[in-house]
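Subject: A structure for you to explore

Hello! Here is the structure I promised to pass on to you. Have a look around first, and then read on for what turned up in it.

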Amino acid sequence: VRMLGDHENEFVDALSRDLHKPRFETLLSEVMLVKNEALFAINNLKKWMEPERVERTLTTSLDECFVVSEPLGVVLIVAAWSSPIQLCLVPLVGAIAAGNCVIINPPEITSHAAELLQRLLPSYLDNECYHVIRGGPGDLTDMVELKFDHVFFTGSGVDGGRVMKAAAPTLTPVTLVLGGKNPCYVDRDCDVSTAARRIAWARFQNAGQSAAAPGYVLCHGEVKDKLVQALRACLLHFYGPDPRQSGSFGRLVSSEHFAHVRDLLQSSGKVAVGGQVNEAERYIAPTVLTDVQEMDPIMQQEVLGPVLPILTVHSAEEAISFIRRQPKPLCLYVYSNNSKIISQMMECTSSGSFCSNDSILQTMMATMPSGGVGASGMGSYHGRYSFDTFSHKKSCVLRGTRIECVTYLRYPPYEDRSLSLMMWAGSLSRKSQAWCQIL
């Protein structure tokens, strides 16, 4: 917290140089998020560290039975470049809270942020326990193979697979928070103007370079034209007639990434809003695509850029069917005034997180887990979930040797009477008849 406060302007400058990221976005999505995470851990760490008492049977009624959290050891945190400060420091907070030593590998593509972390962290943390090691993607597997006690990785699915493969020979556990394509269903019964504002902000902040942003819209046919018009009006209000001149709109992180997004943009659907590009500035205008088909190139790859494809569906059931054909996403969004539609979408799909009538909000809360499922990752973090991720849960039973009134029944020679008594003494009692009926 002190480091972020002391050097706030330097973090703003580093991300401006790396991503042309506006000060507003840096302070909101990077600095404030990390500060909240650290303060939440400070406020709750004593409670998290307390031994967890567990239910006992008659057999263990005189024993102390509890679970303690202990550090895993030395952990490696590998961060993605889309939000390099918070993706390095939020998991770091959890690793420190759990008592681990940490090596951080910041993304080299955002070199100014990486240099800043490497320079500042030694002044605020114990240099014997916490290090920043810089290296490119080619060094990733070599680093993982060094045998850590845990590897925490945020990034692409391809690189996540490489991390798992490199960690497997040493049986190193991994947490993977991966990208993908996050569906966003816009129902015919919704506030279209509000939906457009919230979708546009989530998709186009940081020039669309966010793994939690809506990746594509499944729009009910009856409101598609209204949504496109509302998105056009939002973008005009957000960034003016020429977003290239706006101080509120960023740039793509590299020339290679610019070319990747530009090629996908030009090979799919029809440009309804935006579409302008400038290679020298790595600029792609906030763009809305219509007439996009499921098999178009832009629907086959993650697009960390300011492009929003819109596909038309005619019911929530059709949207659910579409979503279930795709790999499980990191986030899923639904805009509807119908609580039944929201419940149906939430219950009939699988995703790392779910949010109705807003986007990204759920990933910014220290009180909720953030992570993927299936193709979008494994494990979670934020708040208590980070503490648990970087902790080993050790079962502890403390008993004496003086009382053998029940224990002796387990010794040979075995007898049916002893078995009956052991089964009775070792069984948990029923506490909820309703739950027993379900079972």
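Let's begin with one pair of residues: Pro71 stands opposite Ser391, which belongs to strand β18. Please keep in mind throughout that this is a predicted model. Strand β2 covers residues 64-71 and pairs with β18 in the antiparallel sense, over 8 bridges. These two strands belong to an open sheet of 3 strands in the order β1-β2-β18, with antiparallel pairing. At the edges are β1 (52-53) and β18 (391-398), each of which pairs on one side only.

Next, the salt bridges

How many salt bridges does a search of the whole structure find? The count is 19.

One of them joins the side chains of Glu70 and Lys394, with an N to O distance of 2.9 Å. Glu70 sits in strand β2 and Lys394 in strand β18, so this contact ties together parts that are 324 residues apart in sequence. When you click on these residues, what should you expect for their exposure? Glu70 is partly exposed, with a relative accessible area of 26%, and Lys394 also counts as partly exposed, at 33%.

Another salt bridge brings together the side chains of Arg399 and Asp63, at 3.0 Å from N to O. This pair links distant parts of the chain, 336 residues apart: Arg399 is in the loop between β18 and α14 (416-426), while Asp63 is in the loop between β1 and β2. Is Asp63 buried or exposed? Asp63 is buried, because its relative accessible area is 6% and buried means under 20%. Its partner Arg399 has a relative accessibility of 40%, so Arg399 counts as partly exposed.

A third example is Arg251 with Glu281, where the closest N and O atoms are 3.3 Å apart. Here the loop between α9 (224-239) and α10 (255-266) holds Arg251, and the loop between β11 (277-278) and β12 (283-284) holds Glu281; the two residues are 30 apart along the chain. Arg251 counts as buried at 7% relative accessibility, whereas Glu281 counts as partly exposed at 30%. Salt bridges can also share partners, and in this way Glu10, Glu115 and Arg119 are joined into one network.

Aromatic rings

There are 8 aromatic pairs to look for. In one of them, the ring centres of Phe152 and Phe390 are 5.8 Å apart and the ring planes meet at 35°, so the pair is tilted. Phe152 lies in strand β6 (residues 150-155) and Phe390 in the loop between α13 (383-389) and β18, so the pair ties together parts that are 238 residues apart in sequence. Phe152 is buried, with a relative accessible area of 0%, and Phe390 counts as buried at 0% as well.

Now turn to Tyr239 and Phe249. Why is this pair called edge-to-face? The ring planes of Tyr239 and Phe249 are at 65°, with the centres 5.1 Å apart, so the pair is edge-to-face; the cut-off for that name is over 60 degrees. Tyr239 is in helix α9 and Phe249 in the loop between α9 and α10, so parts that are 10 residues apart in sequence are tied together. Tyr239 counts as buried at 8% relative accessibility, and Phe249 counts as buried at 1%. Ring pairs also link these two residues with Phe238 and Tyr283 into a cluster.

A pocket to finish

Finally, take a look at the second largest pocket, which has a volume of about 430 Å³. Its lining is made up of 18 residues, and Val1, Ala38, Val93, Ile96 and Leu125 lie nearest its centre. Which helix gives the most to this lining? That is α3, with 6 residues. At least two lining residues come from each of α1 (2-6), α3 (23-49), α4 (84-97) and α5 (111-124). By class, the lining has 16 nonpolar residues, 2 charged ones and no polar ones.

Enjoy exploring, and write back with any questions.

Best wishes

Note on methods: Residues numbered from 1 in each chain as written. Predicted model: local features only at pLDDT ≥ 70, side-chain atom pairs only at ≥ 80, totals over all residues. Heavy atoms only, no water. Pairing = 2+ DSSP bridges. Helix = DSSP H or I, 4+ residues; strand = E, 2+ residues; numbered from the N terminus. 1 Å grid on protein atoms, 1.4 Å probe; cavity = no way out; pocket = protein on both sides within 12 Å on 5 of 7 lines; lining within 4 Å. Points joined across faces, edges and corners; volume = space filled by probe spheres on them. Nonpolar A, V, L, I, M, F, W, Y, C, P; charged D, E, K, R; others polar. Salt bridge = Lys/Arg side-chain N within 4 Å of Asp/Glu carboxyl O. Buried < 20%, exposed > 50% of the residue type's maximum accessible area, 1.4 Å probe, protein only. Phe/Tyr/Trp six-rings, centres within 6.5 Å; stacked < 30°, edge-to-face > 60°.
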